[in-house]
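User: I would like to work through this structure by means of questions. Please reason in short steps and end each answer on what was asked.

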Amino acid sequence: MAFQRTILGPAPRPTSPRFCVVCNDPTYQACPVCRSAYYCSAACRQSDRSIHTRLCKTFFDFESKHPPKTHFRAILFPCASRAQLIWLETRTGEEGHRRPDTSPWLSSGSEFSQRIEYDYVLDKPLLDAVYLTYGKDQTDSSKAPLNKCIRSHTATEATQYKWHGPVIAYAMQGNKNPTEYRDIDMKDFRHIINHFTLNGPQIELTIPPAPPEPTIKGIRINCIGDVAMFGKIHYEQIELLETDSIFTTASSSQIAARLELPLLTRFCVPHSL
Ligand SMILES: [Zn+2]
Ligand SMILES: [Zn+2]
């Protein structure tokens, strides 16, 4: 059976400029295949190509089959296959709000979500917020496999973040307190990939190591017993912490006073530290 894909050709020029998904410059040029992402130049389009082409061709095929308006186009990032468009059904919950039903894809019970309201790669706020939702296994990498799909999208970037388990992305109208869902598009897709590049599934706090305590150099005069019994040298260079008791309990000598040098001495038990 022959399969023919429809290529829409150049998109009609929008009445107002859109913004390049790569550099954020104003532009009227949409991708001729999906007509959903805009590029200011061939160079910007080329730089987005490896990411964009993963969903571009299926985008309008998907658009033409819109189910009832309780469903919204979303993106599923499965663990071991390519990103795909899905219809995410929303249902009214007990509290009266519509919530997406992610149960066909997220089987791990209660979910976490992140709201993307700013693209830090493009350094601009998003008109509409995008949400990432994922199972609670995300917080325990031993329970969920590495999400190779997300990893492959960010493979060309120097990112340290690893996501586990499937992740679903959906969009809502408005930025701060959105209430209405909308179909996700290819501009959102680029914002999501930028987010994956800069963010992990949760904030991981790392406690920086404590700075080393300052030390002061000194000379340890080893007794004959230490030299004979333990092979120590007679005058041994040592470093003491600033908090060492020698600086509070030591005695000085008249020689030190005459030389006007701050020499402090303290008796040490033989073979002690
Ligand atoms: Zn551009
Ligand atoms: Zn496209």
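Analyst: Two residues are in contact if their C-beta atoms, placed from the backbone, lie within 7 Å. The model discussed here is predicted.

User: Which residues does A169 touch, not counting residues up to four places away in sequence?

Analyst: A contact requires C-beta atoms within 7 Å. Residues up to four places away in sequence are left out of the count for A169. The residues that A169 then touches are A74, I75, V130, Y131, L132, I184 and I192.

User: Which residues have the most contacts inside the largest nonpolar core?

Analyst: The largest nonpolar core has 45 residues. At least two residues of this core come from each of α2 (56-63), β3, β4, β7 (124-135), α3 (148-153), β8 and α4 (186-198). Inside the core, the residues with the most contacts are A74, I75, A169 and Y170.

User: Where does this core lie with respect to domain 1 (1-61) and domain 2 (66-198)?

Analyst: Domain 1 gives residues to the core, and domain 2 does as well. Because both contribute, the position of the core is between domain 1 and domain 2.

User: How many residues of strand β3 (residues 71-77) are buried?

Analyst: A residue is buried if 20 or more other C-beta atoms lie within 10 Å of its own. Strand β3 has seven residues and is mostly covered. The number of buried residues in β3 is six.

User: Which residue of β4 stands opposite L76?

Analyst: Strand β3 and strand β4 (residues 84-92) run antiparallel and are joined by six bridges. A hairpin through six residues connects β3 to β4. Within this pair, the residue opposite L76 is Q84.

User: Which residue of β8 stands opposite F77?

Analyst: Strand β3 is also joined to strand β8 (residues 167-173), by three bridges. These two strands run antiparallel. The residue of β8 opposite F77 is V167.

User: Is α4 largely enclosed by the rest of the structure or largely open?

Analyst: The buried residues of α4 include M186, F189, I192 and F196. K187, D188, R190 and H191 are also among them. Eleven of the 13 residues of α4 are buried, so the helix is largely enclosed.

User: How far apart are the end C-alpha atoms of α4?

Analyst: The expected span of a helix is 1.5 Å times one less than its number of residues. For the 13 residues of α4, the span should therefore be 18 Å. This agrees with the distance between the end C-alpha atoms in the model, which is 19 Å.

User: Is D123 buried or exposed?

Analyst: D123 lies in the loop between β6 (111-119) and β7. Its phi is near 55°, a positive value in a residue other than glycine. A residue with 12 or fewer other C-beta atoms within 10 Å is exposed. D123 has 8 such atoms, so D123 is exposed.

User: What is the burial class of N24?

Analyst: N24 lies in the loop between β1 (18-19) and β2 (26-27), and its phi is near 75°, a positive value in a residue other than glycine. N24 has 15 C-beta neighbours inside 10 Å, so its class is partly exposed.

User: How many contacts beyond four places in sequence does the model have for residues 203-209?

Analyst: The protein chain averages a pLDDT of 82, and 86% of the residues score at least 70. Over residues 203-209, however, pLDDT stays under 50. The number of contacts beyond four places in sequence for residues 203-209 is zero.

Note on methods. Residues numbered from 1 in each chain as written. Chains lettered and ligands numbered in written order. Predicted model: local features only at pLDDT ≥ 70, side-chain atom pairs only at ≥ 80, totals over all residues. Helix = DSSP H or I, 4+ residues; strand = E, 2+ residues; numbered from the N terminus. Pairing = 2+ DSSP bridges. pLDDT = per-residue confidence, 0-100. Core = buried A, V, L, I, M, F, W, Y, C linked by C-beta atoms within 7 Å. Domains from an automatic or database assignment.
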